[in-house]
Amino acid sequence: MIRAYRLDGSAEIILPGQPPAALDADILWLDLVNPDRAEEHLAESLLCIPIPTRDDLKDIEPSSRLYVENGGVYMTASLVYKVESDLPELTDIAFILVGNRLVTIRYGEPKAFALFSAALLRIPGKYKTGSELMARLLETIVDRTAEVLEVAVARVDALSAEVFVDRKAAKRRPPRFLEDKLIDIASHHRLVSKARDSLVTLSRLMTFLVSLPDVRNDHEAEELCRIVTRDVQSLSEHAGFVSNNITFLLDASLGLINVEQNAIIKIFSIASVVFLPPTLVASVYGMNFQFMPELAWNYGYALALVGMLLSAIIPFLFFRWKGWL
């Protein structure tokens, strides 16, 4: 699908079956969403530039993501989307500046694009050049990434409060509570790592964009790009901090799981030591030898029971005194 946005913020869909002879002068932005080959050919004929395919967008080489060709400036960035799901993903989006127009090619639905297109209608005629429009779009994308990180921080804080509780609350936890939380930690780590990857590509794109003559000649677009560049750098540092917190939470959760397992093993070990002496006494007097003087005692059975009881109580008290229980 090809959406054409005009200077007044209105949008229309251009269909391959009813192509215009040429693009109107007031069309500032062409947004290609999941274009097929027919729509790609139509865009190429209207813009007179080659349109990168989906496979081209997946190329990770910097020279294939940021370049100038046939009068068009081609830039590709990876944006995070599906952040509300358990499996957030990255989608590669191409930004092309050709003449005074911005062209975007995407095969995903990042929320920033919906927010930006809605804002165009609220302030019609605000943007006059494709460079300024792209700078504002990138600003919206960075703001959306900041929101994603804020959501991740809130989720990590809530998860940390569930993991780090006092001993009384920890004893009331259901079985395998911490093991289940490891899945949540992995989900948060995936979201933050995807956001960090997106910020890295945006940082490269912003550095390339600021160096363009058209942007440097547009004072407002240049200043906005520099602001967005600083925001990307600060968000990258913040994302690294959040990632370190998640790593600490993961290590701490694994450590608590080991502590709980060691506590269970300690209980079994102490129980084995406590019941070992009574078992020894019972084994001695369970032997079938003919000459055992204690078998003829009137109180031999009672004394054997008392000896078994004392041999269990004394190790138990010793462990309590040592603080092992």
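**View 1. Ser 117 sits in helix α4 and touches the backbone of Ala 114.** Welcome to the first stop in this predicted model. Helix α4 covers residues 111–122, and Ser 117 is found in this helix. With a relative accessible area of 17%, Ser 117 counts as buried, because the cut-off for that word is under 20%. Look for the side chain of Ser 117, which reaches the backbone oxygen of Ala 114 at 3.0 Å.

**View 2. Seven strands line up in an open sheet.** Reading across the sheet, the order of the strands is β2-β1-β3-β7-β6-β5-β4, and the pairing is mixed. The edges belong to β2 (11–14) and β4 (66–69), each of which has a single partner strand, so one side of each is left without a neighbour in the sheet. From one strand to the next, the twist averages 25°. The next two views visit the two ends of this sheet.

**View 3. Strand β1 pairs with β2 and with β3.** Strand β1 spans residues 2–6 and is mostly covered, since four of its five residues are buried. Four bridges join β1 to β2, and these two strands run antiparallel. To find your way along this pair, start at Arg 3 in the view, which stands opposite Ile 13 in β2. The hairpin of β1 and β2 has four residues between the strands, and in this hairpin Gly 9 takes a positive phi near 90°. Strand β1 is also joined to β3, by five bridges, and this pair runs antiparallel too. Here, Arg 6 has Ile 27 of β3 as its bridge partner.

**View 4. Edge strand β4 meets β5.** Strand β5 is made of residues 72–81, and four bridges join β4 to β5. The two strands run antiparallel. A handy landmark is Glu 69, whose bridge partner in β5 is Gly 72.

**View 5. Arg 106 and Asp 31 form a salt bridge between two strands.** Side chains of opposite charge can pair when their charged atoms come close. The structure holds seven salt bridges. In one of these, Arg 106 pairs with Asp 31, and the closest N and O atoms are 2.7 Å apart. Arg 106 belongs to strand β7 (residues 101–106) and Asp 31 to strand β3 (residues 27–33), so the pair ties together parts that are 75 residues apart in sequence. Both Arg 106 and Asp 31 are buried. Glu 109 joins the picture as well: Asp 31, Arg 106 and Glu 109 are linked in a network of salt bridges.

**View 6. Arg 37 and Glu 40 pair within helix α1.** The closest N and O atoms of this salt bridge are 2.1 Å apart. Both residues lie in helix α1 (residues 37–47), three residues apart, which is about one turn of the helix. Which of these two residues is buried, and which is partly exposed? Arg 37 is partly exposed, with a relative accessible area of 42%, whereas Glu 40 is buried, at 4%.

**View 7. Arg 136 and Glu 139 pair within helix α5.** The side chains of Arg 136 and Glu 139 meet in a salt bridge, at 3.0 Å from N to O. Helix α5 runs over residues 130–163 and holds both partners, three residues apart, or about one turn of the helix. Arg 136 counts as buried at 18% relative accessibility, while Glu 139 counts as partly exposed at 22%. The two fall into these classes because buried means under 20% relative accessible area.

**View 8. Leu 249 of helix α9 is shown with Val 163.** Leu 249 lies in helix α9 and is buried, with a relative accessible area of 3%. How many residues apart in sequence are Leu 249 and Val 163? The two are 86 residues apart in sequence and 8.5 Å apart in space, C-alpha to C-alpha.

**View 9. Six residues form a nonpolar patch on the surface.** The members of this patch are Leu 280, Val 284, Tyr 285, Met 287, Phe 289 and Leu 295. Together they have about 580 Å² of accessible area. Phe 289 makes a good place to pause: this residue is in the loop between α9 (219–284) and α10 (300–322). Its relative accessibility is 53%, so Phe 289 counts as exposed, a word used for values over 50%.

Definitions and conventions: Residues numbered from 1 in each chain as written. Predicted model: local features only at pLDDT ≥ 70, side-chain atom pairs only at ≥ 80, totals over all residues. Heavy atoms only, no water. Buried < 20%, exposed > 50% of the residue type's maximum accessible area, 1.4 Å probe, protein only. Polar contact = N/O pair within 3.5 Å; in protein donor to acceptor, adjacent residues only side chain to side chain. Patch = residues over 30% accessible without salt bridge, like charges linked within 9 Å, V, L, I, M, F, W, Y side chains within 5 Å. Areas by Shrake-Rupley, 256 points an atom, 1.4 Å probe, with all protein chains shown as cover. Salt bridge = Lys/Arg side-chain N within 4 Å of Asp/Glu carboxyl O. Pairing = 2+ DSSP bridges. Axes fitted to C-alpha atoms, helices over the stretch in contact; angles between N-to-C directions.
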